[in-house]
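Visitor: Please take one stretch of this chain and look at it closely. I want to know how it sits at the surface, what it is joined to, and how that compares with other parts of the fold.

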Amino acid sequence: MTRTPFILKNPSVLAMLAVLAVLTLAVTLTSHAYGTGALPTSTVKILGMTLCLALAAVAMDLVWGYLGILSLGQMAFFALGGYMIGQWLMYARTEAIVAPQLAQSPIPPTPQEVRDAVTNQIFGVVGSSDLPLVWSFAHSLWLQLLLVVAVPGLLALVFGWLAFRSRVNGVYLSILTQAMTLALALWLFQNDSGFRGNNGLSGLQNLPGLDHVDQATLSVWFLWASAAALALFYVLAAWLVGGKFGSVVRAIRDDETRVRFLGYPVEGFKLVVFTLAAMITAIAGALYYPQAGIINPAEMMPIASIYLAVWVAIGGRGRLYGAVIGAVVVSLLSSWFTGGRAPSIHLPGYVVNWVDWWQVLLGLSFVLVTLFAPKGIAGVFDLFGRKGDRA
């Protein structure tokens, strides 16, 4: 008896992969690097970053939509992923600038002198001349890539183990995740944190060793990488929630006490999903910030995680494609309204500038969706899909 492939059994997964492929091809063929040039490079970057946010929304939906934990700290993992890859980008780029300058001196510099010069260049802005311990592996791309998933994953593992072991649930767990995020952000704001304080890490769009490649080409490369990451982890998430593991996770969301009574290790299931979501979110951040070009502690303030929850709610909680739709629609609208491209509305005695009113509109949309359309935008697609296909 031939088994039907997983993707063919889940039309929503196949549809998502098809849409991603068509979008990627269309952007590539209209880009300055590989196509007609009709699409500006800035728009290509926005689309690439939007795909990264969609990946973070998929991870958020795993935790909130399927497991039932409203985590208000997901963007902390997102930013940590950006910081980890940002360390290598800043160190390697600075070394590429400093090393040739030192090589012109009569006496060739030692590796330690190059290291000291790089340190002064990076941390002189915060009045430091020592390379912080947290930058010990910044010289190695592969080690920093490992840290992209290891650091957020370890933080989520420790935090989750402590919280779930104590059986903290509901709003109290949400407050704890928010407190964790705020504490981490406040620590990073300090100059002695080792991450340049409020200055953050900048110049991340300049990839070391690829100075000959223009930004138009790099933006398309990152779009490809972002689309591939979203496709890969979307399929992984759909596979997890579509089997027995997903059934147990949803049962924990609906009635944790009964699941525990049946003998399932509830804390173990929670810890796996929470940690996996943190690592997926960190990978999204590692792809996002080289396209954004800069990261600072403000990126992980609790309000960012609240925005992520709003996107998932508007798109449709408990449906992976809903999380993607919500993130894409809201983030693109946000770029349009806050970027000054939305025309102002002139009323008698008052001018409505959408830059000032966008957050009000977003909050109102969240309230209306919660009250009148709890399935979000994805609820519309449910009318045309088979019942139970929620991947």
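Guide: V158 counts as partly exposed because its relative accessibility is 44%, which falls between the 20% limit for buried and the 50% limit for exposed. That value belongs to a predicted model. V158 is part of helix α6, which covers residues 141–165. Together with L154, L157, W161 and L162, V158 makes a nonpolar surface patch of about 480 Å². The spacing of such side chains can be read against the geometry of a helix. An α-helix has 3.6 residues a turn, so residues three or four places apart point the same way.

Next comes the loop between α6 and α7, which is where R167 is placed. R167 has a positive phi of about 60° even though it is not a glycine. Its relative accessibility is 51%, so R167 counts as exposed, the cut-off being over 50%. The side chain of R167 is nevertheless engaged: R167 and E267 meet in a salt bridge, at 3.8 Å from N to O. Since R167 lies in the loop between α6 and α7 (170–189) while E267 is in helix α11 (residues 266–292), the pair ties together parts that are 100 residues apart in sequence. On the α11 side, E267 is partly exposed because its relative accessible area is 25%.

E267 has another partner. E267 also forms a salt bridge with R260, and here the closest N and O atoms are 2.4 Å apart. Through shared partners, salt bridges join R167, E256, R260, E267 and K270 into one network. The structure holds 6 salt bridges. Within this network, R260 and E256 are linked too, with the closest N and O atoms 3.1 Å apart. Those two residues are 4 places apart in helix α10 (residues 256–261), and are therefore separated by about one helical turn. Their exposure falls on opposite sides of the 20% cut-off. R260 is partly exposed, as its relative accessible area is 21%, whereas E256, at 16%, is buried.

On the other side of that loop is α7. Helix α7 contains S174, which is buried because its relative accessible area is 8%. Apart from its neighbours within four places in sequence, S174 is in contact with L70 and L72.

R167 has a counterpart in backbone terms. R196 is likewise not a glycine and has a positive phi, about 65°. R196 is placed in the loop between α7 and β1 (201–202). In exposure the two arginines part ways: R196 is buried, since its relative accessible area is 8%, while R167 is exposed at 51%.

For the inside of the fold, turn to the nonpolar core. The largest such core has 121 residues, and those with the most contacts inside it are F78, Y83, W135, L230, Y234, M300 and L320. Helix α3 (residues 41–66) gives the largest share of this core, 17 residues. F78 shows what such a position touches. Leaving out neighbours within four places in sequence, its contacts are C52, L53, A56, T281, A282, A284, G285, Y288 and Y289.

A covered helix makes a useful comparison with the patch on α6. Helix α12 (residues 302–315) is mostly covered, with 11 of its 14 residues buried. Among them are L308, V310, W311, V312 and I314. From first C-alpha to last, α12 reaches 20 Å, close to the 20 Å expected at 1.5 Å a residue. G316 follows α12 and has a positive phi, near 130°.

One more partly exposed nonpolar residue can be set beside V158. L361 is found in helix α14 (residues 354–372), and counts as partly exposed because its relative accessibility is 29%. Not counting residues up to four places away in sequence, L361 touches F337 and W354. Its C-alpha atom is 34 Å from that of L236, with the two positions 125 residues apart along the chain counted as their separation.

To return to the starting point, α6 holds V158, a member of the nonpolar surface patch, and the loop between α6 and α7 holds R167, whose salt bridge goes to E267.

Methods
Residues numbered from 1 in each chain as written. Predicted model: local features only at pLDDT ≥ 70, side-chain atom pairs only at ≥ 80, totals over all residues. Heavy atoms only, no water. Expected span 1.5 Å × (residues − 1). Buried < 20%, exposed > 50% of the residue type's maximum accessible area, 1.4 Å probe, protein only. Core = buried A, V, L, I, M, F, W, Y, C linked by side-chain atoms within 4.5 Å. Contact = heavy atoms within 4.5 Å. Patch = residues over 30% accessible without salt bridge, like charges linked within 9 Å, V, L, I, M, F, W, Y side chains within 5 Å. Areas by Shrake-Rupley, 256 points an atom, 1.4 Å probe, with all protein chains shown as cover. Salt bridge = Lys/Arg side-chain N within 4 Å of Asp/Glu carboxyl O.
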